[in-house]
Amino acid sequence: MPNKSGSYTRIKARAYLRKDHQYKDGTHSVLMHVHLDRKRIKFNLGIRVPIKHWSEKELRIRRAHPDHEDLNLIIDHAMSKVQKIAVDARLKMRHITPMEFETLFFGAESDSFVEFWRHEMERMRPQMAHGTYKHHKSVLKKVAHYAPAATFTDVDVKYLMGFDRFLRQQYDNSHNTRVANMNKVRRYVNLAIAQDKMERNPFDHFKLSFQDGHRAVLTRPQVAALVKIWSDGHLKPGQHVALQNFLLGCFTGLRISDVYLVRKSMIDGNLLVFSPKKTQNRNKVIEIPLTAMAKKFIAQGGDHLADRLSEQKTNAYLKEIALHADIHQNLTFHVARHTFATIYLELGGSVEVLQGILGHAKLATTMKYVHIARARMEHEMGFFDAQDWSGSK
């Protein structure tokens with residue numbers, strides 16, 4: 001609505017190349033920088049080009065780029081939308097906040113699938129866990145890289161097949177990673193259908209399902225070796241924290257997100273009672289009995305169960321420790337959860353109780369660890385056949 005003061009938000013915008021971050025393929029993202037009076041916002045245009053193909057003088061893609069015409073049309077389209085909002089603010093004497101600008105720019109009138117995704121993702125962000133939001137944003141970058149100008153009409157079976165091939169060839173994504181990415185696409189397709197932006201669901205004729213891959217799992221001797229390394233106290237401070245948190249996961253089954261979420265105040269006697277971060281929206285409560293071994297790896301001081309370390313740094317330290325311990329598996333924090341579940345079953349624990357400890361909604365998810373435990377048992381029983389039982393020397 002027009003304001004009585006006679007002032008309005010002055011809006012200026014420019015495209016620019018983000019030179020401080022380069023992707024593995026040598027490209028850089030093209031961003032839009034918008035000034036709303038003294039406030040600034042920026043967003044990704046879904047374009048990536050090498051520095052040599054960006055004109056700093058013209059703020060456009062150089063003709064040497066094979067797709068310069070299409071990519072420059074995306075920039076022109078974005079600038080035109082900003083100009084339209086600026087003119088409207090001037091004529092109606094409106095003050096526009098950054099949030100209002102984003103709503104206008106990525107609003108319902110657009111038929112861009114990328115812009116729709118970005119708008120809906122930001123709208124749902126308050127209800128998303130931080131890790132979930134980061135994953136949605138990561139997949140959006142891939143979608144924007146694949147087809148930045150795709151409309152709702154373009155998102156069909158052919159689009160999905162091309163995106164799956166793009167993930168495999170451009171990002172070298174594994175089958176299960178591609179399925180996880182595609183499930184995010186499915187979510188925004190469903191949202192678009194619910195809002196009458198799409199009539200047909202291309203996923204009705206495009207099926208992808210997760211494959212049971214090899215799960216890295218440590219043996220009991222390997223866990224014992226890591227406990228000894230941790231106890232010896234010869235690790236660097238960062239390595240010590242990473243291994244302590246990892247071992248806490250080995251004896252509780254906690255995910256890394258929950259290791260940093262839970263508090264000592266959530267311990268009731270020998271039970272850790274909490275709502276997992278992954279399922280907080282479903283109000284699920286988990287109870288994990290804390291063994292004497294598990295309690296050894298709880299951080300000293302404060303209310304936090306563990307000292308915080310980023311997942312990336314944790315996994316980097318774990319790989320260093322794995323070399324030191326002569327462990328040849330790809331050691332990441334999630335291996336601790338797999339290890340806990342497998343050893344729990346090997347020691348005689350029931351799969352139904354394990355389901356509750358891990359917080360699995362479906363028993364079938366937990367049953368995967370039963371197969372791992374059985375496979376290890378059969379392998380180790382083979383040691384009998386490797387012995388010489390003939391009595392000869």
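Which residue stands opposite I286 in strand 8? F274 does. The legends below start from the whole chain and come back to that pair.

**Figure 1. The whole chain, a predicted model.** The protein chain has 393 residues, and 45% of them count as buried. Its secondary structure comes to 14 helices and 8 strands. The C-alpha trace spans about 95 × 50 × 40 Å along its principal axes.

**Figure 2. Confidence along the protein chain.** The mean pLDDT is 87. At least 70 is reached by 90% of the residues. Among the elements, strand 4 (residues 54–55) has the highest mean, 96. Helix 14 (residues 363–381) has the lowest mean, 74. Where pLDDT is low, predicted coordinates should not be read in detail.

**Figure 3. The open sheet of strands 6, 7 and 8.** Three strands make up this sheet, in the order 6-7-8. Their pairing is antiparallel. Strand 6 (267–268) is an edge strand, and so is strand 8 (286–289). Each of these two pairs on one side only. Strand 7 (residues 271–274) meets strand 8 over 4 bridges. Within this pairing, F274 stands opposite I286. Strands of a sheet pair through backbone hydrogen bonds.

**Figure 4. The hairpin of strand 2 and strand 3.** These two strands pair in the antiparallel sense over 9 bridges. V34 stands opposite I41 in strand 3. The turn has 2 residues between the strands. One residue in the turn, D37, has a positive phi of about 55 degrees.

**Figure 5. The second largest pocket.** About 670 Å³ of space lies here. How many residues line the second largest pocket? The lining has 24 residues. K42, F43, R118, E122 and K137 lie nearest the centre. Strand 2 (28–36) and strand 3 (39–49), the pair of Figure 4, each give two or more residues to the lining. Helix 2 (98–105), helix 3 (113–124) and helix 4 (130–146) do so as well. By class, the lining has 10 nonpolar, 9 charged and 5 polar residues.

**Figure 6. Two separate nonpolar cores.** The largest core has 54 residues. Those with the most contacts inside it are L218, L226, L243, F246, L247 and L272. Helix 8 (residues 237–250) gives the largest share of this core, 7 residues. The second core has 30 residues, including M121, Y133, L140 and F203. In soluble globular proteins, nonpolar side chains tend to be buried together.

**Figure 7. A positive phi at M93.** Most residues other than glycine have a negative phi. M93 is not a glycine, yet its phi is positive, about 50 degrees. Where does M93 lie? Its place is the loop between helix 1 (68–91) and helix 2.

**Figure 8. A positive phi at D326.** Phi of D326 is near 60 degrees, a positive value in a residue other than glycine. D326 is found in the loop between helix 11 (311–324) and helix 12 (334–346). Is D326 buried or exposed? Its relative accessibility is 54%. The cut-off for exposed is over 50%. D326 therefore counts as exposed.

Terms used. Residues are numbered from 1 along each chain as its sequence is written. This is a predicted model: local features need pLDDT of at least 70, side-chain atom pairs count only at pLDDT 80 or more; totals for chains, interfaces and linings use all residues. Side-chain values use heavy atoms; hydrogens and water are left out. On a 1 Å grid over the protein atoms alone, a cavity is a set of points where a 1.4 Å probe fits but cannot get out, and a pocket is an open set with protein on both sides within 12 Å along at least five of seven lines; lining residues have an atom within 4 Å of a point. Grid points are joined across faces, edges and corners, and a volume is the space filled by probe spheres set on the points. Ala, Val, Leu, Ile, Met, Phe, Trp, Tyr, Cys and Pro count as nonpolar, Asp, Glu, Lys and Arg as charged, and the others, Gly among them, as polar. Two strands pair if DSSP finds at least two bridges between them. pLDDT is the predictor's confidence in each residue, from 0 to 100. A nonpolar core is a set of buried Ala, Val, Leu, Ile, Met, Phe, Trp, Tyr and Cys residues joined through side-chain atoms within 4.5 Å. Buried means under 20% relative accessible area, exposed over 50%, partly exposed in between (1.4 Å probe, protein chains only).
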